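Please look over the sequence and the model before reading on. The paragraphs below go from one helix to the core, then to the ligand and a few single residues.

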Amino acid sequence: MIASAAAFLSGLWHRQDALPDSGAAAPGGSAFARQRSDHRSATDGIYVEWSPKTLSRLLAEELPGVEIIVVSNREPYIHNRADDGTIALQLPASGLVSALEPVMRSCGGTWIAQGSGSADRDTVDEHDRLSVPPANPEYTLRRVWLSEEEIDGHYYGFSNEGLWPLCHTAFVRPLFRADDWEAYRAVNQKFADVVVAEAGREDPIILVQDYHFALLPRMIRNALPKATIITFWHIPWPNGETFGICPWREEIIDGLLGSTVLGFHTRQHCNNFIDSTDRFMESRIDREHGSVTLRGRETLIRPYPISIEWPPAALATQGTIASCRRAVRARLGLADDMRIAVGIERFDYTKGILDRMAAVHDLLTQHPEWKERVVFVQAAAPSRTKLGAYEKLQSDAIRLADAINAAHGTADWKPIHLVIRHHDQREVYELFRAADVCVVSSLHDGMNLVAKEFVASRDDERGVLVLSSFAGAARELSEALIVNPYDTRAMADVFAAALRMPETEQRDRLRLMRDVVRQRNVYRWAAQMLIDAARIRRRETIQALSSED
Ligand code: F6P
């Protein structure tokens, strides 16, 4: 193993400037992990150019023959029946999916997720499986069917009216209903049963995704004690006092501590989880190594900043910057010299869409020289529309856009273009490439991949990213113009500065950010977790052997 790891390393490692470490690689363990960790701590820094190829090689070298199972609520491919009876394929607007899908294409394995499309049942085999991507299969999608009641209680209820507002500081009150909690528990158990049924061996690596499955790690652990369970929480974790209002706080923490490794986007979220555990659970906490031991079993708590594939697949089919601008201007009826600012996301109250529009109003009020010279295009994908808070956000946004357009607009120009529909990746990248400014002003966000996608889309090294200090991405993309999204007046001044920024400064900032996104791409995100998993599995093997002696 050491010889093969050495060969692996010699083919992989490149000398580069050191990047700040997320803290994911701890010393000790396998030759690969140990050498990597040693190298990373050196001042001259060495890092791997992570790609599908290097990730596959990591698996082959460090985890030969391993079985990978991913579990998420959202599926990567949705089949819908159109009005004319044909079946259309939809790729969902989900940061989780856009991050994990390229990883699964590279690693293979089984992805277990809820079947949510109107033609999903017509496209699976008798075991509810299908090979994906449909055009060029590389892994298996196993769909799980939920009833309307299960979806209402699990997805809309506890996940999105309870945990979502609890974990995001956006001042929307979480709702905790006992019936939702029961549905949440039952759906977690249903997925645990499917994981056990799909597992072909007693020690798979299971990647549990997100807040829909806080109880799943413990349920899997009970059924498959030798599994390596890596849970990734894609949203923030609040401080202990805030988390403490959840009536089922102990069960949630206990469920998550069934994991071998529990990952968050930032160290702050890890610290918040450890503090919550300290408050509510009898456990042993090792803050130095970032671990919690509950009933004799240790869980590592680690930051793994999620990212996007590099280069992004959607970029390959894009035209030149000039042609993207022409297409967007023609579609929106804009003059050739009109400057364009964009915001692109799901219609969610955490994204700060209303405050951003208010900042456009402030811009036009405080900096009237921008009247008739700039438009703000807000592309918003309808999301969770069954829930009151989301329905209200959408109607408030329409009203606010109309009011701002009425206050500032002219017969030929309206400052805000609110486009409420799903945009596919091709359209999203076209908008990014047409933009002078991209605004990501989330009130709170685990990471926010839109910010990284914008940076990746600009191979011309032009454009300005305005980024909320309350998005995890702000820790890595520090050359963005960082804003407090609650301060609309200050945000308006930043918009004006962005519109005035010289091209040389745009280039200098984007260059640095593009380096970060390229180096810290999604393959690195997955690799960090798999390296930690390999190290733990090796240590467990040694422990098992020595206890036999
Ligand atoms: O960030 C959490 C997350 O689960 C991401 O996958 C994604 O951006 C979003 O929420 C998707 O939400 P939903 O699956 O509810 O549409």
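Helix 15 (residues 449–457) is mostly covered, with 9 of its 9 residues buried. Buried means under 20% relative accessible area, exposed over 50%, and partly exposed in between, with a 1.4 Å probe and protein chains only. Helices (H or I, at least four residues) and strands (E, at least two) are DSSP runs numbered from the N terminus. This is a predicted model, in which local features need pLDDT of at least 70 and side-chain atom pairs count only at pLDDT 80 or more, while totals for chains, interfaces and linings use all residues. Residues are numbered from 1 along each chain as its sequence is written, and side-chain values use heavy atoms, with hydrogens and water left out.

The buried residues of helix 15 include Lys452 and Glu453 as well as Leu449, Phe454 and Val455. They pack against helix 4, strand 15 (339–346), helix 14 (425–434), strand 18 (437–440), strand 19 (464–468) and helix 17 (503–519). At the N-terminal end of helix 15, Asn448 acts as a cap: a side-chain oxygen lies 3.0 Å from the backbone nitrogen of Val450.

Leu465 is in contact (heavy atoms within 4.5 Å) with Ala451, Phe454 and Val455, among others. Leaving aside neighbours within four places in sequence, its contacts also include Cys438, Val440, Leu477 and Met513. A nonpolar core is a set of buried Ala, Val, Leu, Ile, Met, Phe, Trp, Tyr and Cys residues joined through side-chain atoms within 4.5 Å. The largest such core has 173 residues, and those touching the most other members are Trp111, Trp233, Ile252, Leu465, Leu467 and Leu477. Helix 18 (residues 522–548) gives the most to this core, with 11 residues. The core lies between domain 2 (68–145 + 180–307) and domain 3 (317–520), because both give residues to it; the domain bounds come from an automatic or database domain assignment.

Helix 18 also holds Ile542. Ile542 counts as exposed, at 55% relative accessibility. Its C-alpha atom is separated by 51 Å from that of Asp460, 82 residues apart along the chain.

Next comes the ligand. The residues around the ligand, those with a heavy atom within 4 Å of it, include Ser94, Gly95, Trp164, Asp210, His234 and Arg346. A polar side-chain atom of Tyr155 lies 2.4 Å from an oxygen atom of the ligand. For the side chains of two arginines, the distance from an N or O atom to a ligand oxygen is 3.0 Å at Arg74 and 2.9 Å at Arg384. The protein covers 89% of the 380 Å² of accessible area that the ligand has on its own, by the Shrake-Rupley method with a 1.4 Å probe. Helix 4 (95–107) and helix 5 (148–167) are the elements that give two or more residues to the shell.

Tyr155 is also touched by His212, found in the loop between strand 9 (205–209) and helix 7 (216–223). His212 is buried, with a relative accessible area of 7%. Other residues that His212 touches include Asn73, His154 and Tyr184.

Another loop residue is Thr260, between helix 9 (249–256) and strand 11 (261–264). Thr260 is buried, at 6% relative accessible area. Its side chain makes a polar contact with that of Arg221 at 2.9 Å; a polar contact is a pair of N or O atoms within 3.5 Å, where within protein one must be able to donate a hydrogen and the other to accept it, and residues adjacent in sequence count only if both atoms are side-chain atoms. Thr260 is in contact with Ile536, among others.
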